[in-house]
Amino acid sequence: MKTALAIGCGGTIGGAWAIAALDELTRQTGWDPMKASVLQGTSAGAEIVTMLAGGFTAAELADMQAGRPTDPILERHVARTPASLPTVPGFGKLQVSTLWTRSGGHAALSGIAPRGRGDASWLQDLADAVIAKNGGDLRHPGARRVAYRSSDGQRVAFGAPGAPRATAGEALRASWVIPGWMPPVTIDGQDYLDGGTASTASVDLIGPNEADLIYVITPMASAPPVRAPGLGGLAESLILRRPMSAVLDAEIARVRSRGTRVVHIAPSSADMAALRSHFMNRKHRAAAFAASVCTVPDTVRQALAQESVL
């Protein structure tokens with residue numbers, strides 16, 4: 001049976017939760033992500049996939065989040081977690097002026113976002129270090145990083161058959177370009193934005209012949225009425241979580257309609273209470289991960305039971 005993994009966007013906090021969920025998934029099922037037919041990531045998910053495809057295990061990524069990294073690459077990477085707030089953007093130039101006609105996720109809104117000025121070198125350095133560690137390439141041939149091409153509104157899974165060629169660093173940076181936070185990444189003359197602009201996980205980009213079962217981990221999409229507590233949680237739900245969840249639900253329905261099984265692992269109310277609403281809060285990362293380790297076993301167990309995987 002071919003099994004694929006898709007990890008969605010989530011910023012610093014969502015990425016920490018996704019690693020806790022993935023580690024728990026491997027523990028409960030005994031499944032090794034290196035045996036996946038496809039490893040697909042979007043934004044923070046692309047960051048995780050880059051590390052997985054470079055040979056790091058889910059347990060090693062969990063140790064990194066817990067403050068006990070087992071490799072200098074992971075130690076340097078977590079130490080360079082981006083700031084909780086973006087650099088003041090360049091208001092003289094918008095990201096893109098042609099996205100008003102785009103549909104799906106937050107594509108249209110990205111057209112009015114100012115040009116981000118954040119430093120993505122920490123992502124480039126991660127990709128370069130992983131590539132160097134493996135002798136010039138990723139160890140997993142099915143690694144994909146999803147970005148959004150602003151010129152035509154297409155989602156591009158770098159690494160997939162027929163996709164434009166990009167280096168590991170380019171693909172990772174392109175997938176992580178949060179509008180208004182990071183500047184677009186130009187590859188072969190085309191500008192790319194965060195893949196989460198159009199879809200939190202783009203699970204439908206995994207072809208019908210590529211997987212019989214897809215594990216989908218999405219920090220920023222969940223079943224209603226799940227959300228973080230307080231006014232911040234309400235705002236995050238209305239602006240981000242609900243639209244992303246609607247797009248993802250439609251994608252999962254399409255994937256299931258072609259006969260592919262999908263196990264969707266999304267935050268529960270207990271998870272969200274610990275994660276809170278600010279998913280780029282660097283100072284809360286360690287506490288969020290520690291709390292996730294306690295709440296996520298039930299979340300994963302229920303997702304597996306719903307699809308009768310165990």
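Visitor: What is the volume of the largest cavity?

Guide: In this predicted model, the largest cavity has a volume of about 150 Å³. A search of the whole structure finds 1 cavity of 30 Å³ or more.

Visitor: What makes this space a cavity?

Guide: The term is used because a 1.4 Å probe fits at its points but cannot get out. The lining has 18 residues, and the closest to the centre are Gly-11, Thr-12, Glu-47, Gln-65 and His-77.

Visitor: Which elements give two or more residues to the lining of the largest cavity?

Guide: They are helix 1 (11–29), helix 2 (44–53), helix 3 and helix 4. Helix 1 gives the most, with 5 residues.

Visitor: How do the residues of that lining divide by class?

Guide: The lining of the largest cavity has 10 nonpolar, 6 polar and 2 charged residues.

Visitor: Why is helix 1 called oblique to helix 2?

Guide: The axes of helix 1 and helix 2 cross at roughly 45° and come within 9 Å. Angles under 35 degrees count as roughly parallel, and those from 65 to 115 as roughly perpendicular. The crossing angle of roughly 45° belongs to neither range, nor is it over 145, the mark for roughly antiparallel. Helix 1 is therefore oblique to helix 2. Their crossing is right-handed.

Visitor: Which residues make the contact of helix 1 with helix 2?

Guide: Helix 1 contributes Gly-11, Gly-15, Ala-18, Ile-19 and Leu-22, while helix 2 contributes Ala-44, Ile-48 and Leu-52.

Visitor: What makes 2 residues of this contact polar?

Guide: The contact of helix 1 with helix 2 divides into 6 nonpolar, 2 polar and no charged residues. Gly counts as polar, and helix 1 brings Gly-11 and Gly-15 to the contact. These glycines are therefore placed in the polar class.

Visitor: How do you know that helix 3 and helix 4 are oblique to each other?

Guide: Helix 3 (residues 58–65) and helix 4 (residues 72–79) pack at an angle of about 45°, with their axes 10 Å apart. An angle of about 45° is outside the ranges for roughly parallel, roughly perpendicular and roughly antiparallel. Helix 3 and helix 4 are therefore oblique, and their crossing is right-handed.

Visitor: What makes 1 residue of the contact of helix 3 with helix 4 charged?

Guide: The contact is made by Glu-60, Leu-61 and Met-64 of helix 3, together with Leu-74, His-77 and Val-78 of helix 4. Because Glu counts as charged, Glu-60 is the charged residue among them. By class, the contact has 4 nonpolar, 1 polar and 1 charged residues.

Methods: Residues are numbered from 1 along each chain as its sequence is written. This is a predicted model: local features need pLDDT of at least 70, side-chain atom pairs count only at pLDDT 80 or more; totals for chains, interfaces and linings use all residues. Side-chain values use heavy atoms; hydrogens and water are left out. Axes are lines fitted to C-alpha atoms, for helices over the stretch in contact, and angles run from 0 to 180 degrees between N-to-C directions. Helices (H or I, at least four residues) and strands (E, at least two) are DSSP runs, numbered from the N terminus. A crossing is left-handed if the near helix is turned anticlockwise from the far one by less than a right angle, and right-handed if clockwise. Contact means heavy atoms within 4.5 Å. On a 1 Å grid over the protein atoms alone, a cavity is a set of points where a 1.4 Å probe fits but cannot get out, and a pocket is an open set with protein on both sides within 12 Å along at least five of seven lines; lining residues have an atom within 4 Å of a point. Grid points are joined across faces, edges and corners, and a volume is the space filled by probe spheres set on the points.
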